[in-house]
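User: I'm new to this one. Please walk me through it in plain language, a piece at a time.

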Amino acid sequence: MTTGRQMALVAFLQAQNCTNFPASWRHPAAVSDFLTPEYYRRLGRTLEDGAFHLAFFDDRLAIPDVYADDFSVTMREGIRAVKLDPMLCAMTLGNATERLGVGVTYSTTYYEPFHVARTFATLDQLTKGRAAWNVVTSLNSSEAANMGARSVLEHDLRYDRAEEFLTVVRGHWRGWDDDALILDKQGLFADPDRVRRLDHKGEWFQSRGPFTVPRSPQGEPILIQAGQSGRGRQFAAKWGDLVFVIYPNLKVGQKSYAEFKDELEKQGRPRDSVRIAPAVYTVVGETQAQAEDRRAVIDALVKPIDGLVLLSEVLNFDFAAKGYDDPFTPEEMDGISGIQAFRDRVVTLSGRSNPSPRDFVEFTRRGTLDEFPVFMGSPKQIADQMEEWFGTACDGFVLAGSVAPGAYEDFVRLVVPELRRRGLFHKGYEGATLRENLGIPKPVF
Ligand SMILES: Cc1cc2nc3c(=O)[nH]c(=O)nc-3n(C[C@H](O)[C@H](O)[C@H](O)COP(=O)(O)O)c2cc1C
């Protein structure tokens, strides 16, 4: 059934040696040229062939080394052991494409707002209005250590600070009127009356201006946010244009989708003003049997250590310091400063307020494909599952890759035509900018 609107498709990309699935680099079909521009260009062209709305790069400012306070297992096992600067990889991909949106993750905790505003405004100009910023507050002590901070700021405080950060960034982006640039060789270059200083003096930041980059064809970059905690969701509902979520299943998704729309209303925004997209994996085959065979190959690549290393990293807690079946103490549970939604999910699913490392491994499925919902089967079966979610639980999907670039090539070749046949996905790009293609209006200020 078609709801009239069409789904947004986002590729969940990494500037690194593996996909979200850490064992992906071990896959026989994985390419190993992630240090070359060809890798990013190829991904971009594939996604644009399939008319994906956005290629989005995640980021972390450290490799995983919270586990046993060491990095050797990360290196040996290639558990996201490389992390390139996502902005430059995104620009490389942007240069190989014309209409595909280009999204990059940047931290509000470790950069200055003026720097971030200028970097993204430049990306937006150089891609002719296709830029998006995934706003994250960062989470673990390895990032703090790399970026010269003594410790990680407390969870909710990171969001308070991020509020002011975004006020500064958006303020700068709105420092030039759309028509400020005149470029009259015999007259004005730019109209000084249509450019302003921001003069921000706040609790955390000071920034004067005027900003150094004129407004882009889409006005300003799309803001992506993926907060899952109460405070995070509130932040996402206030600032986000596109919101990423993790729904363990459709039922929870439907409930959370409706709740998020309530939160939007509380923030004074229309219920349909934001695109909500859950992270999912797809494993497609020409037939169900072929998809099952592919899934078996993928599952056989997983090593138990992958999950423990990544859990330590994301929760900012050293899982090597506890016995596998020892329950967490209440102090340890409270002290988890990483992604709290992970912790809360384990408590809910296990029914234990003091779960053990085993519970964390089993209920988060970190390091395996089951960390996100997996849509598996023939193109028709995958489209059935996407159709079931679309409209009642989401407005689109963030597709994580089981193997790069093959998972995206298969999806574009097999699933995109089926989604189009059903009227669920656009036939091509209608607009020139990312905002136009997502149906998110240019901000008026
Ligand atoms: C699809 C998706 C992508 C994310 N990408 C990143 C990322 O690249 N870097 C990062 O530090 N956090 C990333 N996050 C984490 C979120 O920004 C957020 O911190 C997390 O979902 C926990 O929510 P909370 O901050 O409200 O506790 C991502 C989350 C999701 C769901």
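**Loops, helices and domains**

User: Let's start with a single residue. In which loop does Pro 405 lie?

Analyst: Keep in mind that this is a predicted model. On one side of Pro 405 there's strand S11, covering 396-400, and on the other there's helix H15, covering 406-421. That puts Pro 405 in the loop between S11 and H15.

User: What is omega for the peptide bond that joins Ala 404 and Pro 405?

Analyst: As background, most peptide bonds are trans. The one joining Ala 404 and Pro 405 is cis. Its omega is about 0°.

User: And the bond from Gly 209 to Pro 210: what is its omega, and in which loop is Pro 210 found?

Analyst: That bond is cis too, with omega near 5°. Strand S6 (206-207) and strand S7 (222-225) flank the spot. So there are two values to note here: omega near 5°, and for Pro 210 the loop between S6 and S7.

User: Is Arg 80 buried or exposed?

Analyst: You'll find Arg 80 in the loop between H2 and H3. Arg 80 has a positive phi of about 50°, though not a glycine. To settle the question, count neighbours: 24 other C-beta atoms lie within 10 Å of Arg 80. The cut-off is 20 or more, so Arg 80 is buried.

User: What about Asp 199, buried or exposed?

Analyst: Asp 199 is another non-glycine residue with a positive phi, near 50°, and it lies in the loop between helix H6 (155-173) and strand S5 (200-201). Around Asp 199 there are 11 other C-beta atoms within 10 Å. Because 12 or fewer is the limit for that class, Asp 199 is exposed.

User: How do the axes of H3 and H4 run: roughly parallel or roughly antiparallel?

Analyst: Two packed helices are described by the angle between their axes and the distance between the axes. For H3 (residues 86-95) and H4 (residues 113-126), the axes come within 11 Å and cross at roughly 10°. Angles under 35 degrees fall in one class, so H3 and H4 are roughly parallel.

User: Which residues in H4 do Met 87, Met 91 and Gly 94 in H3 meet?

Analyst: The contact of H3 with H4 divides into 4 nonpolar, 2 polar and no charged residues. On the H4 side, the partners are Thr 119, Leu 123 and Leu 126.

User: Zooming out, how far apart are the C-alpha centres of domain 1 and domain 2?

Analyst: Domain 1 takes in 8-291 + 370-438, and domain 2 covers 303-367. Their C-alpha centres lie apart by 26 Å.

User: Which helix gives the largest share of the side of domain 1 that touches domain 2?

Analyst: The contact takes 21 residues from domain 1 and 23 from domain 2. By class, the domain 1 side has 11 nonpolar, 6 polar and 4 charged residues. The largest share of that side, 3 residues, comes from residues 72-77, which is helix H2.

User: Last one: what is the radius of gyration of the whole protein chain?

Analyst: The chain comes to 16 helices and 11 strands. The globule rule gives 22 Å for 445 residues, and the chain's own value is close to that, so it is as compact as a globular protein of that length. Of those residues, 48% count as buried. The radius of gyration is 22 Å.

Conventions
Residues are numbered from 1 along each chain as its sequence is written. This is a predicted model: local features need pLDDT of at least 70, side-chain atom pairs count only at pLDDT 80 or more; totals for chains, interfaces and linings use all residues. Domain bounds come from an automatic or database domain assignment. Two residues are in contact if their C-beta atoms, placed from the backbone, lie within 7 Å. Helices (H or I, at least four residues) and strands (E, at least two) are DSSP runs, numbered from the N terminus. Ala, Val, Leu, Ile, Met, Phe, Trp, Tyr, Cys and Pro count as nonpolar, Asp, Glu, Lys and Arg as charged, and the others, Gly among them, as polar. Axes are lines fitted to C-alpha atoms, for helices over the stretch in contact, and angles run from 0 to 180 degrees between N-to-C directions. Angles under 35 degrees count as roughly parallel, over 145 as roughly antiparallel, 65 to 115 as roughly perpendicular and the rest as oblique. The radius of gyration is taken over C-alpha atoms; the globule rule is 2.2 Å times the number of residues to the power 0.38.
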